[in-house]
Amino acid sequence: MKLLTLLLVCGLYPSAGQKKEISSKDCASAAQCVSGSLNLGTMKTTVNTQCCSTDLCNSQKPPALPSKSPNGKQCYYCTDKDCLGIVDCLGNEDQCIKFKVNAAGVQVNMKGCATRSICNAPTGSMQTAGISGDVSCCSGNLCNGAEGVKISLLFVLVPLLSSFLFL
């Protein structure tokens, strides 16, 4: 078991001034010593953990991760209407992520950019960040799939066939 100090910083976009910092200290396994970021288009969360293995070594709060610039990668993100938004990934966010969050008994789809360390984190670490259920990550541009209104093939074929019948 390692001692863990955690700094979790959440911010809402576009107003970078709205931030909330959560700092905690605990014991953790080495796999839970994860640092990285999760960018969901309208919200960004950074996690910076520092782990050590001697008595009382977690007295210092880890620094906030620095802001990064866009890296050229893009992923889909979700709004309250659909998952068609496109977000520019920042810094070392090299993965597109999709997962579900259970909020007040309602499952909500979430998509965005993440660092590889967030994608590879164990389930317990994900739950600390509020992520539950199946999490999937991929490395291609826009690989986390857009979800919009799906039109039935029947609705497309019926008007097309009727136009041929009346020609």
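**Exercise 1. Work out what share of the 167 residues in the protein chain is buried, and get a feel for the overall fold.**

Solution. Start with burial: 32% of the 167 residues in the protein chain are buried. Keep in mind that this is a predicted model. Next, list the elements: the protein chain has three helices and nine strands. Read from the N terminus, they go β-β-β-β-β-β-β-β-α-α-β-α. Then look at the contacts. Among those with a separation of 6 or more, 59% join residues 24 or more positions apart. Finish with the surface: the accessible area of the protein chain is about 10,300 Å², and carbon and sulfur atoms own 58% of that.

**Exercise 2. Find the salt bridge of E93 and say which parts of the chain it ties together.**

Solution. First, pick the partner: E93 pairs with K44, with the closest N and O atoms 2.6 Å apart. The cut-off for a salt bridge is 4 Å, so this pair makes it. Now place both ends. E93 sits in the loop between β6 (85–90) and β7 (95–103), while K44 belongs to strand β4, so the bridge links parts that are 49 residues apart in sequence. Last, check burial: E93 and K44 are both buried.

**Exercise 3. How many salt bridges does the count give, and where do R116 and D94 fit in?**

Solution. The count comes to two salt bridges. R116 and D94 form one of them, their closest N and O atoms being 3.3 Å apart. R116 is in helix α1 (residues 116–119) and D94 is in the loop between β6 and β7, so this pair ties together parts 22 residues apart in sequence. For accessibility, take each end in turn. R116 has 44% relative accessibility, so call it partly exposed. D94, with a relative accessible area of 27%, is partly exposed too.

**Exercise 4. Is T49 buried or exposed, and what does its side chain reach?**

Solution. Locate T49 first: it lies in strand β4 (residues 43–52). Its relative accessibility is 10%, and buried means under 20%, so T49 counts as buried. Now follow the side chain of T49, which reaches the backbone oxygen of V34 at 2.8 Å.

**Exercise 5. What stands out about the phi of L142?**

Solution. Begin with the background: most residues other than glycine have a negative phi. L142 isn't a glycine, yet its phi is positive, near 55°. As for where it sits, L142 is in the loop between β9 (132–138) and α3 (153–165). Its relative accessibility is 27%, so L142 goes down as partly exposed.

Technical notes
Residues numbered from 1 in each chain as written. Predicted model: local features only at pLDDT ≥ 70, side-chain atom pairs only at ≥ 80, totals over all residues. Heavy atoms only, no water. Helix = DSSP H or I, 4+ residues; strand = E, 2+ residues; numbered from the N terminus. Buried < 20%, exposed > 50% of the residue type's maximum accessible area, 1.4 Å probe, protein only. Contact = heavy atoms within 4.5 Å. Areas by Shrake-Rupley, 256 points an atom, 1.4 Å probe, with all protein chains shown as cover. Polar contact = N/O pair within 3.5 Å; in protein donor to acceptor, adjacent residues only side chain to side chain. Salt bridge = Lys/Arg side-chain N within 4 Å of Asp/Glu carboxyl O.
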